[in-house]
Amino acid sequence: MAGVTKVKIEESAEELRELLKKQKTALGKERIQALYLLKIGQVRTIQDLAVVLGRGSATVQRWFKAYTELGIASLVSRKKGS
């Protein structure tokens with residue numbers, strides 16, 4: 001099936017829910033919510049997730065690439081501008 005994500009989410013649904021509650025920024029909440037929705041099976045594809053979140057599929061794919069390479073801390077950390 002095209003678009004089905006192969007991201008292995010290490011955290012449990014309960015851990016993601018607790019992390020979601022602790023987020024202070026909208027972007028952090030949105031990114032953790034993306035992982036949570038995939039973990040509980042509410043969405044199956046990147047495209048579905050992008051529609052639910054109101055983001056482009058390329059953006060969601062970029063989040064998952066960062067998660068896969070750098071872990072969950074990469075999703076919730078804020079980058080400082082120059």
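User: Where is Ser-12 found?

Analyst: In this predicted model, Ser-12 lies in the segment before α1 (13-22).

User: Why is Ser-12 called partly exposed?

Analyst: Ser-12 has a relative accessible area of 31%. Buried means under 20% and exposed means over 50%, with partly exposed in between. The value of 31% falls in between, and therefore Ser-12 is partly exposed.

User: What separates the C-alpha atoms of Ser-12 and Tyr-36?

Analyst: A distance of 8.7 Å separates these two C-alpha atoms, and Ser-12 and Tyr-36 are 24 residues apart along the chain.

User: At what angle do helix α2 and helix α3 pack, and what makes α2 oblique to α3?

Analyst: Helix α2 (residues 26-40) and helix α3 (residues 46-53) pack at an angle of about 135 degrees, and their axes are 11 Å apart. Roughly perpendicular covers 65 to 115 degrees, and roughly antiparallel begins over 145. An angle of about 135 degrees belongs to neither class, nor is it under 35 degrees, so α2 is oblique to α3.

User: Which residues make this contact, and how do they divide by class?

Analyst: From α2 come Glu-30, Gln-33, Ala-34, Leu-37 and Leu-38, and from α3 come Leu-49, Val-52 and Leu-53. By class, the contact of α2 with α3 has 6 nonpolar, 1 polar and 1 charged residues.

User: Which residues of α3 are buried, and how do you know that they lie on the same side?

Analyst: The buried residues in α3 are Ile-46, Leu-49, Ala-50 and Leu-53. They cover an arc of only 100 degrees around the axis, and therefore they are on the same side of α3.

User: What covers the buried residues of α3, and what does the face turned away carry?

Analyst: The cover includes α2 and α4 (57-70). The face of α3 turned away from its buried side carries Val-51 and Val-52, which are exposed.

User: Which residue follows α3, and is its phi positive or negative?

Analyst: Gly-54 follows α3, and its phi is positive, near 75 degrees.

User: Why is α2 called roughly perpendicular to α4?

Analyst: The two helices pack at an angle of about 80 degrees, with their axes 11 Å apart. Angles of 65 to 115 degrees count as roughly perpendicular, so α2 is roughly perpendicular to α4.

User: What makes up the contact of α2 with α4?

Analyst: On α2 the contact is made by Leu-27, Glu-30, Arg-31, Ala-34, Leu-35 and Leu-38, and on α4 by Trp-63, Phe-64 and Tyr-67. By class, this contact has 7 nonpolar, no polar and 2 charged residues.

How values were computed: Residues are numbered from 1 along each chain as its sequence is written. This is a predicted model: local features need pLDDT of at least 70, side-chain atom pairs count only at pLDDT 80 or more; totals for chains, interfaces and linings use all residues. Side-chain values use heavy atoms; hydrogens and water are left out. Axes are lines fitted to C-alpha atoms, for helices over the stretch in contact, and angles run from 0 to 180 degrees between N-to-C directions. Helices (H or I, at least four residues) and strands (E, at least two) are DSSP runs, numbered from the N terminus. Contact means heavy atoms within 4.5 Å. Ala, Val, Leu, Ile, Met, Phe, Trp, Tyr, Cys and Pro count as nonpolar, Asp, Glu, Lys and Arg as charged, and the others, Gly among them, as polar. Buried means under 20% relative accessible area, exposed over 50%, partly exposed in between (1.4 Å probe, protein chains only). The arc is that of the directions from the helix axis to the C-beta atoms.
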